[in-house]
Amino acid sequence: MGIALIWSIIMILFRWIFSKRRGAISYDSSDQTALYIRMLGDVRVRSQVGFEPDRRGSHPYLGVDFRTLHSRAESAGSIPARRIRRLFSFQRHLLSSRLLRGAPHLNPLHILDEDYCGQAKCMLEKVGSWNFDIFLFDRLTNGNSLVFLTFNLLNQYGLIELFQLDMVKLRRFLVLVQEDYHNQNPYHNAVHAADVTQAMHCYLREPKLAQSLTSFDILLGLLAAATHDLDHPGVNQPFLIKTNHYLAALYRNTSVLENHHWRSAVGLLRETELFSNLPAEDSLSIERQLGSLILATDISRQNEYLSRFRTHLDEDDLCLGNASHRHFVLQMALKCADICNPCRPWELSKQWSEKVTEEFFHQGDIEKKYKLEISPLCDSEANTIASVQIGFMTYVVEPLFAEWARFSDTRLSQTMLGHLGLNKASWSAMEPEASGSSEEGESEPGHATDEPSSRVLSQGSQES
Ligand SMILES: [Zn+2]
């Protein structure tokens with residue numbers, strides 16, 4: 001299909017979907033995990049009745065008065081079940097809270113202006129470029145970069161036709177995914193998801209992957225990238241644990257956020273019935289593999305994945321005809337895409353650095369306010385953007401991309417390592433005291449990550 005035709009279809013569907021956004025939705029009650037989320041959410045809401053909002057068990061960051069939420073749900077006999085369920089996601093907590101306070105809805109889905117639309121179309125012609133400016137693309141699409149980019153890529157790879165995806169369901173799925181990212185997060189928002197999806201596309205085009213991945217692998221890779229941080233609250237796992245958030249209990253303090261991103265994605269897949277035309281075993285396989293990919297972005301398991309990758313490369317035994325090896329390579333590609341910010345050109349990389357640090361410091365401010373222990377890297381008085389970045393690059397990013405370049409020794413890999421070196425030098429120039437760690441990392445790149453500091457890993461857990 002020509003790009004003009006596709007674009008017209010996108011616009012028509014966009015209007016139609018938005019007008020249907022509030023329609024009644026079926027919900028698969030056999031999804032036990034989602035059921036537990038709802039049950040625990042409900043218990044939690046009820047437990048707050050009569051308590052002060054900042055008492056133990058309420059969530060200071062989300063700032064929701066659970067008593068009000070509870071009374072809203074209780075008096076909502078006519079509210080469709082889906083809307084009530086949605087109140088229990090992080091995003092819905094915030095939205096409902098804002099609405100109850102009379103604040104305007106901040107994320108309207110506008111129809112694109114024709115002029116901007118043309119420029120966005122031009123940008124998509126170079127969607128495989130490592131210099132792709134996702135911030136500009138997001139502005140040109142009026143904050144809808146994730147929907148437009150992902151739709152375009154799925155179409156470009158021929159996946160819509162191949163899997164006979166219903167365009168209306170697909171558009172609806174992508175709009176819901178984008179909406180369930182929190183645009184008030186400085187970093188973990190839909191633009192980050194779009195950026196990771198674009199990076200994933202660049203990796204999927206690398207010769208080793210392009211020659212071996214199946215269409216099913218590519219579909220999974222793109223979907224995992226687009227949903228990998230779904231409904232991220234803008235705080236990290238330790239914060240959820242220490243504020244007794246129910247998701248920490250639900251997932252037993254293990255990959256809490258990643259499990260939630262995955263289950264949220266599965267919820268939207270089922271809600272939109274995107275894969276209802278596929279045999280049940282295939283759609284279950286998609287859900288399972290999506291989980292395995294998203295869970296791999298848990299940075300606390302970074303060394304485990306990196307060691308496995310290194311061993312495969314040392315023994316030269318990665319066989320991409322083998323489905324499990326291809327899946328492992330997809331996991332590594334997603335991990336790279338997730339933390340590739342320091343490998344982008346300085347102007348893009350710098351913006352990401354500022355955003356992620358803003359999110360850390362925001363968490364630190366909340367921790368200070370509520371007299372909680374301040375998480376590593378989150379204290380704005382003890383850290384700078386430069387110091388945070390230099391540590392992150394040295395202990396987390398460089399080791400991963402060094403191995404990726406061994407696996408895929410291409411121009412793109414060299415470009416990424418080049419930007420990484422230059423960006424680190426730029427931050428080091430701003431932070432003379434921290435440049436020691438920078439030199440250390442450069443002198444022994446193969447060993448610098450064997451024992452990454454817990455401070456840096458804690459940052460990584462936010463970046464994932
Ligand atoms: Zn991420």
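This is a short walk through a predicted model, stop by stop, with something to select at each one.

**Stop 1: the zinc ion**

Start by clicking on the zinc ion. Which residues hold on to it? Select His192, His228, Asp229 and Asp338, and you have the residues that coordinate the zinc. The two histidines each use their NE2 atom, while the two aspartates use OD atoms, and the distances run from 2.0 to 2.2 Å.

Now turn the view around the metal. The 4 donor atoms subtend angles of 86 to 171 degrees, which makes the arrangement irregular. To count as tetrahedral, four donors would need all their angles between 85 and 135 degrees, so the 171 degrees at this zinc ion is outside that range.

Along the chain, the donors follow the spacing H-x35-H-D-x108-D. Colour the two histidines and follow the backbone from one to the other: His192 sits in helix 11 (residues 190-204), His228 sits in the loop between helix 13 and helix 14 (237-242), and they are 36 residues apart, so the pair links distant parts of the chain. Are these histidines buried or exposed? Both His192 and His228 are buried.

**Stop 2: helix 13**

From His228, step back along the chain to helix 13, residues 215-227. Try your viewer's distance tool on the C-alpha atoms at its two ends: they are 18 Å apart. That agrees with expectation, because 13 residues at 1.5 Å a residue should span 18 Å. (The span is 1.5 Å times one less than the number of residues.)

Next, turn on a surface. How many of the 13 residues of helix 13 are buried? The count is 11, so the helix is largely enclosed by the rest of the structure. The buried stretch includes Asp217, Ile218, Leu219 and Leu220, and ends with Ala225, Ala226 and Thr227.

Pick out Ala226 in this helix. At 2% relative accessibility, Ala226 counts as buried. Now add Thr150 to the selection: Ala226 and Thr150 are 76 residues apart in sequence, yet their C-alpha atoms are 7.2 Å apart in space.

You can play the same game with Ala224. Its partner is Gln289, 65 residues away in sequence and 8.9 Å away in space, C-alpha to C-alpha. Gln289 belongs to helix 17 (residues 280-295) and is partly exposed, with a relative accessible area of 21%.

**Stop 3: aromatic rings**

Show the side chains of Phe, Tyr and Trp. How many aromatic pairs does a search of the whole structure find? There are 11. One of them is Phe163 with Phe216, a tilted pair with 6.5 Å between the centres and 50 degrees between the planes. Phe216 takes you back to helix 13, while Phe163 lies in the loop between helix 9 (159-162) and helix 10 (167-179), 53 residues apart from its partner. Phe163 is buried at 14% relative accessible area, whereas Phe216 counts as partly exposed at 22%.

For a bigger group, select Trp130, Tyr203, Phe309, Phe328, Trp404 and Phe407, which form one aromatic cluster.

Two more rings have a charge for company. Zoom in on Arg171, whose charged end sits over the ring of Phe151, 5.0 Å from the ring's centre. Then go to Arg263: its charged end sits over the ring of Trp262, 4.8 Å from the centre.

**Stop 4: the cysteines**

Select the cysteines and look for bonds between them. How many disulfides does the structure hold? The answer is 0. For Cys202, the nearest cysteine sulfur is that of Cys340, 8.3 Å away. For Cys340, the closest cysteine sulfur is in Cys343, at 6.5 Å, too far for a bond. Cys202 is buried, with a relative accessible area of 4%, and Cys340 is buried too, at 0%.

**Stop 5: two backbone oddities**

Finish in the loops. Select Asn253, between helix 15 (246-250) and helix 16 (256-272). Asn253 has a positive phi of about 60 degrees although it is not a glycine, and it counts as partly exposed at 39% relative accessibility.

Then jump to Asp316, in the loop between helix 18 (302-315) and helix 19 (323-338). Asp316 also has a positive phi without being a glycine, about 50 degrees. Is Asp316 buried or exposed? At 68% relative accessibility, Asp316 counts as exposed.

Terms used
Residues numbered from 1 in each chain as written. Predicted model: local features only at pLDDT ≥ 70, side-chain atom pairs only at ≥ 80, totals over all residues. Heavy atoms only, no water. Helix = DSSP H or I, 4+ residues; strand = E, 2+ residues; numbered from the N terminus. Buried < 20%, exposed > 50% of the residue type's maximum accessible area, 1.4 Å probe, protein only. Donors = N, O, S within 2.8 Å, 3.2 Å for Na, K, Ca; no water. Tetrahedral: all angles 85-135°; square planar, octahedral: opposite > 155°, others 65-115°. Disulfide = S-S within 2.5 Å. Phe/Tyr/Trp six-rings, centres within 6.5 Å; stacked < 30°, edge-to-face > 60°. Lys NZ or Arg CZ within 6 Å of the ring centre and 35° of its normal.
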